[in-house]
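Work through the exercises below with the sequence and the structure open beside you, and try each task before you read its solution.

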Amino acid sequence: GLFVTDYFTRTPRKLSPFRSFASIELFHFHIPEDTVIAVWNLITFKEQGGTFGDQCPDRSITVYFRSGAPSVINPLHTHFPRDTAVPGSFALTLTWTLPNRTTGVFNVTSPLPGDWFLAAHLPKDEGKISVKGLYEECQYLFQPQLIVQRLVNIAVLYPGHVTEQSMAPHNRSCLYKVFVPSYTSRVLVEVLRCRGAEGCPLWLRVRAKAPPLHNSTTLDCREHTPCQLAQDLPFWQHWYYVLVEKHPGVPGTVSFQVTVQLTDCSRPSLARPPFLPSSTSMNMPHSFGSAGGLALGDSPPPTSPNDTKHPLPIPVTLHTEERCWPVRPTLRNELDTFSVHFYIFFGPNVSVPPDRPAVFVINLLPVLDSGGVLNLELRLNVSSLCGENVTVFGCLNHGVPLTSGDNASVTCETESLAGFLLSVNATASLSRLRIPYPQTGSWYLSLRSLCATEHGFEPCTNVTAEVYLRAYLSPCINDCGIYGQCKLLRTNNYLYAACECKAGWNGWGCTDNAEAFSYGFQLLSTLLLCLSNVMFVPPVAIAVRSHYLLEAAVYIFTMFFSTFYHACDQPGIVVFCIMEYDVLQFCDFLGSLMSVWVTVIAMARLQPIVKQASVLYLLGAMLLSMALQMDRHGLWNLLGPSLFALGIMAVAWTARTIRRRHCYPPTWKRWAFYLCPGALIAAAAVLLYAFVETEENYFYIHSIWHLLIAGSVGFLLPPRAKPSRRLGPLPRRKGCGYQLCVNEQEELGLVDPAVASINSICTS
């Protein structure tokens, strides 16, 4: 056949260490139908400071692949919440082959068509808190590329018609596909009139949604006569692919005929005729209408006179176990993103009769609904059992409803399908199921009521169980609880939700408390971070005693907002916020930088040199506010104002030293007992803040930072300025002169100076 190659790529993204699913990088691809091979080229490279990061350490990169929805990953091996189903996915770990670049390849033969998702992350690190801009950080960039090769013009088989085929010696196989509509209980593929050099040297393979693989359902036509391959309970509204493959080493041409028959389970007495439209043209099974015969519009389309497809006789018998029951739709009510409720008509209480199942369908929209959590809840009304030992079984399956052929089966799986089984009875009347990141499409829920006996489960007689059914889509499991935050994330045009846990809690729903902080630990950390700000009380007292009232006001501002910011910034439940978090954070950062600014300006003693030194305080406040609004975590927000203030202080001290011809400050005691200890304490605080602080030791290292910074202010704040000893002006000699005593109202600007009266003329 003819192949077409398509190429897709994504923009490189920076990878982060794994903490929760909110820290991964998610990539969304779409694989077209009839794809025979998909190749992902996984490119990873290092960067440091805008150049290749040859000196960066090698860190392994884990990539996950899943079709239909994002992968539900658990690299930290935490516990999932109760009643949570975990779908599987592929995983691949990339190792480095070059100092700054590596490439991995992931091949998928005959991949399922539709949405595919890749998730990538780095290993979990120690959680070091680094100051932004302090050093060039190593960045690991990941870029996936997809190359697909798909077949075009695949021959389509029509149910009930024969397609003739001759396989030349140089050909190995022939590929066909047939569309399976809703309410189809069986697909039967048959090879007829096979003629070759060695009988019928053919293999027959069938697979849903994608071309068959070596492990697909296979039949050797040499060993089976007739060569028939049946698929029970096929996926509805999907293509089925039929591969007829020749045995290796068979000479000559092999000719055969292939046909497909579909069993329409919505008609108990008929199979699906040739070219019969799906019985879901009105979204209702035909069993709701006529009991037999053709419904309106059930006439086959005309065939071309030159068509090589010939109709076959239609069998009119159908086993009772192949009958499908009416599917009740649900009403979709969208409340918000990933907040969707599915209501049942004449519900939510559902009656489950003893002789047949009750089947419901939940339709999840493509792409839009796969980023949340599908929740299902069954609650049995015990009073409706009339004292019988009844158990209601629910089977939730994707693509096709699973109803038991026998009336006493409690399984929810077949050879090719596997669903999720729920059960409720008088003892356990409530059952829940949560499916994170569900596949989109149709989900079918089949409810059966069975009575427990000594010999197992048997059909009940004259007991109709009543079940409360609730199905809904939510962003996260239980909104991540009290120790987590449900975050709405986006990658390009795809939205998904994930939990970000705190206070040592982990897991998909923040329910794993293996490393959780106890209440006492949370209280201790909050008290340490808050009460350590009390260390600013001595600097406030020193500033007031030395008549540095402006500096004292700034220290009080810093102490107040730092205390309540850390009370609001706690990860656990010991949290107290008097304002919005963003306001508290801004005021805390501003107060900290202003404390440094006013302390250094006070140390410069600019008043005798610059008459309007107070302008510097106002200028610093405005510049610091602007810098914090631009980037609160930048390194230069701390270093820039500090270095500028230190430069002003150095210029002022140098000017005094030159004018006095003596080192300033002049006394060695001031250097030995105040300036040097204060500088050392401040330097130790900066080193702890920049290089030692991590997420694990944050509560006590940052508390020590509070103590050291406040202590350094107490040492560095200069003493009270001594009164000036300069002589006043000499007394004026007596002589002629006069002094005008102007009305006080004139100086206040209350009267016109032109009409101001002179109160007195004082002669001397």
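**Exercise 1: Two cis prolines**

Pro665 lies in the loop between α6 (635–660) and α7 (668–692), where helices (H or I, at least four residues) and strands (E, at least two) are DSSP runs numbered from the N terminus. The model is a predicted one, in which local features need pLDDT of at least 70 and side-chain atom pairs count only at pLDDT 80 or more, while totals for chains, interfaces and linings use all residues. Residues are numbered from 1 along each chain as its sequence is written, and side-chain values use heavy atoms, with hydrogens and water left out.

Task: State which kind of peptide bond joins Tyr664 to Pro665, and which kind joins Thr225 and Pro226.

Solution: Begin with the bond from Tyr664 to Pro665, which has omega near -5° and is cis. Then turn to Pro226, which is found in the loop between β16 (217–220) and β17 (227–232); the bond that joins Thr225 and Pro226 is also cis, with omega about 0°. As background, most peptide bonds are trans.

**Exercise 2: Positive phi**

Task: Find where His77 lies and where Arg193 lies, and decide whether His77 is buried or exposed and whether Arg193 is buried or exposed.

Solution: His77 is in the loop between β6 (61–67) and β7 (90–94), and its phi is positive, about 55°, although His77 is not a glycine. With a relative accessible area of 69%, His77 is exposed, given that buried means under 20% relative accessible area, exposed over 50%, and partly exposed in between (1.4 Å probe, protein chains only). Arg193, in contrast to a loop residue, sits in strand β14 (residues 184–195); its phi is positive as well, about 50°, and its relative accessible area of 60% makes Arg193 exposed.

**Exercise 3: Two helix pairs**

Task: Describe how α1 and α8 are oriented to each other, and do likewise for α3 and α4.

Solution: Two packed helices are described by the angle between their axes and the distance between the axes. Axes here are lines fitted to C-alpha atoms, for helices over the stretch in contact, and angles run from 0 to 180 degrees between N-to-C directions.

Step one: the axes of α1 (residues 519–531) and α8 (residues 698–716) come within 8 Å and cross at roughly 15°, so the two helices are roughly parallel, because angles under 35 degrees count as roughly parallel, over 145 as roughly antiparallel, 65 to 115 as roughly perpendicular and the rest as oblique. In their contact (heavy atoms within 4.5 Å), Phe521, Ser525, Leu528 and Leu529 of α1 meet Tyr698, Phe699, His702, Ser703 and His706 of α8.

Step two: the axes of α3 (residues 549–568) and α4 (residues 581–604) also come within 8 Å, but cross at roughly 150°, and these helices are therefore roughly antiparallel.

**Exercise 4: A proline in a loop**

Task: Decide whether Pro718 is buried or exposed, and name residues that Pro718 touches.

Solution: Pro718 lies in the loop between α8 and β35 (738–742), and with 6% relative accessibility Pro718 counts as buried. Leaving aside residues up to four places away in sequence, Pro718 touches Ser546, Tyr548, Ala602, Met603, Arg605 and Arg670. For one of these, Tyr548, the separation from Pro718 is 170 residues in sequence and 9.5 Å in space, C-alpha to C-alpha.
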